[in-house]
Amino acid sequence: GTAEQGINEGVVSVTISNTIGGANDDNIVDAVLDKLNANYGSASGLADHVALCLPPGTDGDWIGYAYINSWLSVYNNDWC
């Protein structure tokens with residue numbers, strides 16, 4: 001079940017080794033997706049919709065983004 005996998009009420013946290021401060025958000029998203037794929041087999045298979053909440057400090061002043069007809073959306077810090 002999902003509780004054994006560290007998923008609690010639809011939420012899972014992962015730790016990546018990348019430095020967040022000043023990093024391009026695309027690089028951080030790639031690292032998070034790589035970690036999800038390693039831990040769960042498939043990030044896109046976790047749920048119908050997956051929202052990534054990135055911590056503060058990535059480069060730029062962005063709020064969030066998603067892709068048309070996609071399972072993935074990404075949000076910056078407090079906007080999540």
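**Exercise 1. Is S73 buried or exposed, and what is its relative accessible area?**

Solution. The model is a predicted one.

Step 1. Locate the residue: S73 belongs to strand β3.

Step 2. Apply the cut-off: a residue counts as buried when its relative accessible area is under 20%. S73 has a relative accessible area of 12%, so S73 is buried.

Step 3. List its surroundings. With neighbours within four places in sequence left aside, S73 is in contact with V50, A51, L52, Y65 and A66. Within the sheet, A51 is the residue that stands opposite S73.

Step 4. Consider the strand as a whole. Of the 5 residues of β3, 4 are buried, and the strand is thus described as mostly covered.

**Exercise 2. Determine the order of elements along the chain and the overall dimensions of the protein.**

Solution.

Step 1. Count the elements: the protein has 1 helix and 3 strands.

Step 2. Read them along the sequence; the pattern is α-β-β-β. The radius of gyration is 13 Å, close to the 12 Å that the globule rule gives for 80 residues, so the protein is as compact as a globular protein of that length.

Step 3. Add the extents. The C-alpha trace spans about 40 × 30 × 20 Å along the principal axes.

Step 4. Describe the surface and the interior. The accessible surface is about 5400 Å², and carbon and sulfur atoms hold 46% of this area. Of the 80 residues, 26% count as buried.

Step 5. Examine the contacts with a separation of 6 or more. Residues 24 or more positions apart account for 37% of them.

**Exercise 3. Describe the strand order of the sheet and the sense in which its strands pair.**

Solution.

Step 1. Establish the order. The sheet is open, contains 3 strands in the order β1-β3-β2, and shows mixed pairing. Its edge strands are β1 (50–54) and β2 (64–66), each of which pairs on one side only. On average, neighbouring strands are turned by 15 degrees against each other, direction ignored.

Step 2. Take the first pair. Strand β3 (residues 72–76) and β1 are parallel and share 5 bridges. L52 has V74 in β3 as its bridge partner.

Step 3. Place the helix. Helix α1 (residues 25–40) packs on this sheet and touches β1, β2 and β3, while its direction makes about 125 degrees with that of β1.

Step 4. Take the other pair. β2 and β3 run antiparallel and are joined by 3 bridges; here G64 stands opposite Y75 of β3.

Step 5. Inspect the connection. The hairpin of β2 and β3 has 5 residues between the strands, and N69 in this hairpin takes a positive phi near 55 degrees.

**Exercise 4. Identify the residues at the centre of the largest nonpolar core and the elements that supply it.**

Solution.

Step 1. Rank the members. The largest nonpolar core has 16 residues, and those that touch the most other members are L33, L36, L52, L54 and V74. Two or more residues come from each of α1, β1 and β3. The greatest contribution is that of α1, with 6 residues.

Step 2. Follow one member. Residues up to four places away in sequence not being counted, L52 touches V29, V32, L33, L36, L72, S73, V74 and Y75.

Step 3. Compare the faces of β1. The covered face carries V50, L52 and L54, whereas A51 and C53 lie on the uncovered face. In a regular strand the side chains alternate between the two faces of the sheet.

Step 4. Set the core in context. In soluble globular proteins, nonpolar side chains tend to be buried together.

**Exercise 5. Characterise the position and environment of G57.**

Solution.

Step 1. Locate the residue: G57 is in the loop between β1 and β2.

Step 2. Classify its exposure. With a relative accessible area of 39%, G57 is partly exposed.

Step 3. List its contacts. Not counting residues up to four places away in sequence, G57 touches I20, G21, G22 and A23.

Step 4. Relate G57 to N76. These residues are 19 residues apart along the chain, and their C-alpha atoms are separated by 8.9 Å.

Key
Residues numbered from 1 in each chain as written. Predicted model: local features only at pLDDT ≥ 70, side-chain atom pairs only at ≥ 80, totals over all residues. Heavy atoms only, no water. Pairing = 2+ DSSP bridges. Axes fitted to C-alpha atoms, helices over the stretch in contact; angles between N-to-C directions. Contact = heavy atoms within 4.5 Å. Rg over C-alpha atoms; globule rule 2.2 N^0.38 Å. Buried < 20%, exposed > 50% of the residue type's maximum accessible area, 1.4 Å probe, protein only. Areas by Shrake-Rupley, 256 points an atom, 1.4 Å probe, with all protein chains shown as cover. Core = buried A, V, L, I, M, F, W, Y, C linked by side-chain atoms within 4.5 Å.
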